[in-house]
Amino acid sequence: RPNIIGGSGLNAVSEGVFAGTIGGGAFVGVNNAPFPTDGQRVFDNYCTIGGGADNHAGSDDDVPTTATAATVAGGLTNRATADASTVSGGKNNRAEGVRATVGGGSNNTATGERATIGGGQSNTADRYATVGGGQVNNATGFSSTIGGGTSNDATGEYVTVAGGHGNEATGNLTAIGGGRDNRATALLAMVPGGFQCHATGFVSFAAGYNARAVHDGAFVWTDTAGIPVPFQSTADDQFLIRAAGGVGLGRNAPHGALDTQAADEKKHVLMLGGA
């Protein structure tokens, strides 16, 4: 039942031994390679290696497993060691969860059930989590997603980090769009981007440079004028803006801290002698 279609020499295909009672029992693979550490190795029922070199489908070492229908399409030193797990190619990739998939790249590990890693390097995905690419990204929260970038962590449940560097989405249902060294740690918190922004309050929002929404429902947006001093909320449900160039509402060239089109219209009426 196991198959090796092609690839390097020194291939090891199990002998198909069944252990247990008549009519049942576990499938036990046997290493037939001339050297135990060399060659392609298929150990279990319906497992397949399409090509490449030194790949394992159904076993990660000399201890037989029961990883039914695991597949390694090609590449080098890849391992598909759980039921219906798949490694399409690349090098040193691991599909260790049931129905886990690694598309390619190198040193990626899909550890949980239905985890997916598209490619990149040294990425990790746990149960139902997805890493699209990049490097050293860790999607370990249930159904979490990291699109790419570097050194991002998605540890909360149902969270998303689109990319960037060094971002952490630890609260459940949080999102970080990108940027660097941003944190979304409370339920439903969001950081669309920027640098060193923290959304740590429930349903909070922080964006810009050193914005800190530390209270529930706080919205904090910052410019770069206050570097490196953080601009932080002080109470729940605040809408805070730090903008050294002024805030314009209906105007793109504000003349003060807050300049609105409505204020200009009122001034014009007064100049004409209106109420």
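Visitor: Is Tyr-158 buried, partly exposed or exposed?

Guide: Start with relative accessibility. The model is a predicted one. Buried means under 20% and exposed means over 50%, with partly exposed in between. Tyr-158 has 46% relative accessibility, so the residue counts as partly exposed.

Visitor: Where is Tyr-158 found?

Guide: Look for the flanking strands. Tyr-158 is in the loop between β19 and β20.

Visitor: Which residue forms an edge-to-face aromatic pair with Tyr-158?

Guide: Read two values for a ring pair: the distance between centres and the angle between planes. The structure holds 5 aromatic pairs. In one of them, Phe-142 meets Tyr-158 at 5.6 Å centre to centre. The planes stand at 85 degrees, and the pair is edge-to-face. An angle over 60 degrees counts that way.

Visitor: Which parts does that pair tie together?

Guide: Place each ring in its element. Phe-142 lies in the loop between β17 (138-139) and β18 (145-146), and Tyr-158 in the loop between β19 (153-154) and β20 (160-161), so the pair ties together parts 16 residues apart in sequence. As for cover, Phe-142 is partly exposed at 22% relative accessibility.

Visitor: Which residues do ring pairs link into a cluster?

Guide: Follow the pairs from ring to ring. Tyr-128, Phe-142 and Tyr-158 are linked into a cluster.

Visitor: Which residues form the nonpolar patch on the surface?

Guide: Now turn to the surface. The patch consists of Tyr-158, Leu-173, Leu-187, Leu-188, Phe-202 and Val-203. Together they have about 520 Å² of accessible area. Tyr-158 thus has a place in both groups: the ring cluster and the surface patch.

Visitor: Next, strands. Which side chains of β28 are buried?

Guide: Walk along the strand and note where each side chain points. In β28 (residues 219-222) the side chains alternate. Val-220 and Thr-222 point to one face and are buried. Phe-219 and Trp-221 point to the other face and are not buried.

Visitor: Do β26 and β28 pair in the parallel or antiparallel sense?

Guide: Check direction, then count bridges. Strand β26 (residues 205-207) pairs with β28 in the parallel sense, over 3 bridges. On another pairing, β28 and strand β30 (residues 239-242) run parallel and are joined by 4 bridges.

Visitor: Which residue is the bridge partner of Phe-205 in β28?

Guide: Phe-219 is that partner. Phe-219 also stands opposite Phe-239 in β30. Trace it in the model: Phe-205 is partnered with Phe-219, and Phe-219 faces Phe-239.

Visitor: How many salt bridges does a search of the whole structure find?

Guide: Look for side-chain nitrogens and carboxyl oxygens that meet. The search finds 5 salt bridges. One of them joins Glu-113 and Arg-114, at 3.7 Å from N to O. Glu-113 is partly exposed at 29% relative accessibility. Arg-114 is partly exposed at 38%.

Visitor: Which residue does Arg-183 meet in a salt bridge?

Guide: Arg-183 meets Glu-168, at 3.5 Å from N to O. Arg-183 lies in strand β23 (residues 183-184) and Glu-168 in strand β21 (residues 168-169), so the pair ties together parts 15 residues apart in sequence. Glu-168 is partly exposed, with 28% relative accessibility.

Visitor: Which residue forms a salt bridge with Asp-181?

Guide: Arg-180 does, and the closest N and O atoms are 3.5 Å apart. Arg-180 has 43% relative accessibility and counts as partly exposed.

Visitor: What about polar side chains? Is Asn-182 buried or exposed?

Guide: Check cover, then look for a contact. Asn-182 is buried, at 0% relative accessibility. This residue sits in the loop between β22 (175-176) and β23. Its side chain reaches the backbone oxygen of Gly-194 at 3.0 Å.

Visitor: Which backbone oxygen does the side chain of Ser-204 reach?

Guide: The side chain of Ser-204 reaches that of Gly-201, at 2.6 Å. Ser-204 lies in the loop between β25 (198-199) and β26. Ser-204 is buried, with a relative accessible area of 2%.

Visitor: One last residue. Where does Gly-112 lie?

Guide: Gly-112 lies in the loop between β13 (109-110) and β14 (116-117). Gly-112 is buried, with a relative accessible area of 4%. Compare sequence with space: Gly-112 and Ala-129 are 17 residues apart in sequence, and their C-alpha atoms are 7.9 Å apart.

Methods. Residues numbered from 1 in each chain as written. Predicted model: local features only at pLDDT ≥ 70, side-chain atom pairs only at ≥ 80, totals over all residues. Heavy atoms only, no water. Phe/Tyr/Trp six-rings, centres within 6.5 Å; stacked < 30°, edge-to-face > 60°. Helix = DSSP H or I, 4+ residues; strand = E, 2+ residues; numbered from the N terminus. Buried < 20%, exposed > 50% of the residue type's maximum accessible area, 1.4 Å probe, protein only. Patch = residues over 30% accessible without salt bridge, like charges linked within 9 Å, V, L, I, M, F, W, Y side chains within 5 Å. Areas by Shrake-Rupley, 256 points an atom, 1.4 Å probe, with all protein chains shown as cover. Salt bridge = Lys/Arg side-chain N within 4 Å of Asp/Glu carboxyl O. Pairing = 2+ DSSP bridges. Polar contact = N/O pair within 3.5 Å; in protein donor to acceptor, adjacent residues only side chain to side chain.
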